[in-house]
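Welcome! Take a moment to look over the sequence and turn the structure around, and then we can walk through it together.

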Amino acid sequence: AFDEKENFVGKGDIRAQTEQVLKNIQGIVEKLGGTMDDIVQVTVFVKDMSGLKDIHDVRLKYFKEPYPTSTLVGVTGFVHPDALIEINAVAAL
């Protein structure tokens, strides 16, 4: 959940981190000439499953039907100690 200036965003806030991660993905896909509609698969890694509703709410702002396939993985931590989420995305361009 790093912004364009490499500042960490959303310490303790799963919603803010999810938003930043998806903005980053969107920016990369658009630089390659695609859109979020080109995302066909995501793997979501989360540290705390209690934030799933918040994650889902934010994801609905970025993805529409047909939704990409999605895998959810619970983890005990990330390299950055304040990170709560990581999303890997695959786009078909």
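Is Phe 2 buried, partly exposed or exposed? Phe 2 has a relative accessibility of 35%, so it counts as partly exposed. Keep in mind as we go that this is a predicted model.

Phe 2 also has a partner. The structure holds one aromatic pair, and its members are Phe 2 and Phe 8, whose ring centres lie 5.4 Å apart with the planes at 75 degrees, so the pair is edge-to-face. The cut-off behind that name is an angle of over 60 degrees between the planes. Phe 8 is partly exposed too, because its relative accessibility is 22%, and a residue counts as buried under 20%.

Now let us move along to helix H2, which spans residues 52-62. Which residues of H2 are buried? They are Ile 55, Val 58, Arg 59 and Tyr 62. These residues cover an arc of only 105 degrees around the axis, so they sit on the same side of H2. A general rule helps here: an α-helix has 3.6 residues a turn, so residues three or four places apart point the same way. Turn to the other side of H2 and you will find Lys 53 and Lys 61, which are exposed.

What covers the buried residues of H2? The cover includes helix H1 together with strand E1 (39-46), strand E2 (69-74) and strand E3 (85-91).

One residue of helix H1 to look for is Thr 18. Thr 18 counts as buried, because its relative accessibility is 0%. Leaving aside residues up to four places away in sequence, Thr 18 touches Ile 55, Val 58 and Ile 85. Two of these names may sound familiar: Ile 55 and Val 58 are among the buried residues of H2.

Helix H1 runs over residues 14-31 and also holds Ile 28. Ile 28 is a contrast to Thr 18: with a relative accessible area of 53%, Ile 28 is exposed, because the cut-off for that word is over 50%. On the surface, Ile 28 joins Leu 32 and Leu 93 in a nonpolar patch of about 340 Å².

Our last stop is the loop between H2 and E2, where Tyr 67 lies. Tyr 67 has a relative accessibility of 45%, so it counts as partly exposed. How far is Tyr 67 from Asp 37 in sequence and in space? The two are 30 residues apart in sequence, and their C-alpha atoms are 8.3 Å apart in space.

Definitions and conventions. Residues numbered from 1 in each chain as written. Predicted model: local features only at pLDDT ≥ 70, side-chain atom pairs only at ≥ 80, totals over all residues. Heavy atoms only, no water. Patch = residues over 30% accessible without salt bridge, like charges linked within 9 Å, V, L, I, M, F, W, Y side chains within 5 Å. Areas by Shrake-Rupley, 256 points an atom, 1.4 Å probe, with all protein chains shown as cover. Salt bridge = Lys/Arg side-chain N within 4 Å of Asp/Glu carboxyl O. Helix = DSSP H or I, 4+ residues; strand = E, 2+ residues; numbered from the N terminus. Buried < 20%, exposed > 50% of the residue type's maximum accessible area, 1.4 Å probe, protein only. Arc of directions from axis to C-beta. Contact = heavy atoms within 4.5 Å. Phe/Tyr/Trp six-rings, centres within 6.5 Å; stacked < 30°, edge-to-face > 60°.
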